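User: I am new to this structure and would like to be walked through it with a few questions.

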Amino acid sequence: MATSPPHPSYPSGPAAGAPLVGPGTAGSLRHAHWWQRAWVRYGALSTLLAISGLVILALVREETGTEGFLVGLGLAVLPVPLLIAAFRWLDRVEPGPWRNLLFCFAWGACAAALIAIVANSFATRWIATATADPSSADTLGATVIAPVVEESAKAAAVLLVFLFRRRDFTGIVDGVVIAGVTATGFAFTENILYLGTAFGTDQLTGGTGIASVTAATFFVRIVMSPFAHPLFTVLSGIGFGIAALSADRRPLLRVAFPLGGLLLAMGMHAMWNGSSAFGEYGFFAVYAAFMVPIFGLLTWLVIWTRQRELKTVRAELPAYAAAGWLTPAEPYALGSMRARRIARQYARRHVGKAAAREVARYEAYATSLAFLRHRARRGRAGPDFAVREGELLGELWRRREVARPALDHAARITAPPVPVTAPPWPMYGVYGYGPQPTPYPAYNPYRS
């Protein structure tokens, strides 16, 4: 049975100014083996990705030629900023660190793409040799081998973040963002190959303009379906996200959900690759009947999940306002995307970009704190709850002089009017949050 986390104490002592460190942590770091050190792991991972990138670069250039590679690179990069921005927008409630997104994109573009090219080529050649039927081998490779290999390779990045960056992986939105960015990197490399090959074909056949193979490939892969690979892999990400929400004492579900998401991703990928077998208009039929509706459904699911996250912020943070860690207005402001944006704009306008970044960090730490307490109430916070809570509270306390006036201003701008008659539910403070019966005294550290 889940138990309520301890009520936060009033800010004083080490937690108010510095993150707490559990006993024995320093000693364990001093006696860690060399392969357990962070710089060793990061160095090994960076080296692996760099080698994969160089190998995949050589393979693609050999397949397309230098000119075809440059043309493919220039066209394939066009949807990348839009897709990254879209996934970053979905992650605005509790933005994950950029280093995770950089790793995922690099894994998809380098490691996953290399695994896919090598494994797909080997499997297709083996089938063609075993069956003496190259045509059937190509069809089987596209509809069976490629979905299994590619989705497994992309899901490996999601698994690594899930296992080794667990603090940054707390729910469905995190799974969607991590999986989507990984697939965006994979699609980027694959598009270079397809567009570069199409350009080479046009060079041989003399195709130009709208009738060229390059134009047709660009329309199908960049204009109509830039979200295809992200959409497949997002299903795996949702499985990992649900697993992150499951209690630690239910290990079977924590394995079943990611596996189920991976199987769904493989199935949708296979249907997409096999759409050409459904006739001349099979691609458009699959696109209209499956891809667009599922894309809309998943978009709705992620936005709905984000709204639930904002409700969690509004529900959990008043405990810290009552203890004095936050002002009465902050839970409301932090639970509204509009109020958050106004707070950052206020800080930027009165102080500068550095203050706006500090307010953004304050919002992110406060959101992580709310989610941590929510998990604790459901019995899923883990034994390091108090340590993590102290770290987050320390980060908030150090930024309070910059963030509080901005959030107070945002709450005053966005808070709904208080009804004249007393409502049937308890009201807290001036903005509906916090126990103080009198208005929070205004102050402005920005004033010189």
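Analyst: Helices (H or I, at least four residues) and strands (E, at least two) are DSSP runs, numbered from the N terminus. This is a predicted model, in which local features need pLDDT of at least 70, side-chain atom pairs count only at pLDDT 80 or more, and totals for chains, interfaces and linings use all residues. Residues are numbered from 1 along each chain as its sequence is written, and side-chain values use heavy atoms, with hydrogens and water left out.

User: How far apart are the end C-alpha atoms of residues 102-128?

Analyst: UniProt, in an unreviewed entry, lists 102-128 among its "transmembrane region" features, and such annotations may be inferred rather than shown by experiment. In the model this span is 100% helix and 0% strand. Its end C-alpha atoms are separated by 38 Å.

User: What is the helix and strand content of residues 140-164, and how far apart are the end C-alpha atoms?

Analyst: The UniProt record also includes 140-164 under "transmembrane region". Here the chain is 100% helix and 0% strand, with end C-alpha atoms 35 Å apart.

User: Which helix gives the largest share of the nonpolar patch?

Analyst: The nonpolar surface patch, about 310 Å², is formed by I51, V55, L59 and V118; patch residues have over 30% relative accessible area (Shrake-Rupley method, 1.4 Å probe) and no salt bridge (a side-chain nitrogen of Lys or Arg within 4 Å of a carboxyl oxygen of Asp or Glu), with nonpolar side chains joined within 5 Å. L59 belongs to helix α2. Three residues, the largest share, come from helix α2 (residues 38-76).

Notes:
Patch = residues over 30% accessible without salt bridge, like charges linked within 9 Å, V, L, I, M, F, W, Y side chains within 5 Å.
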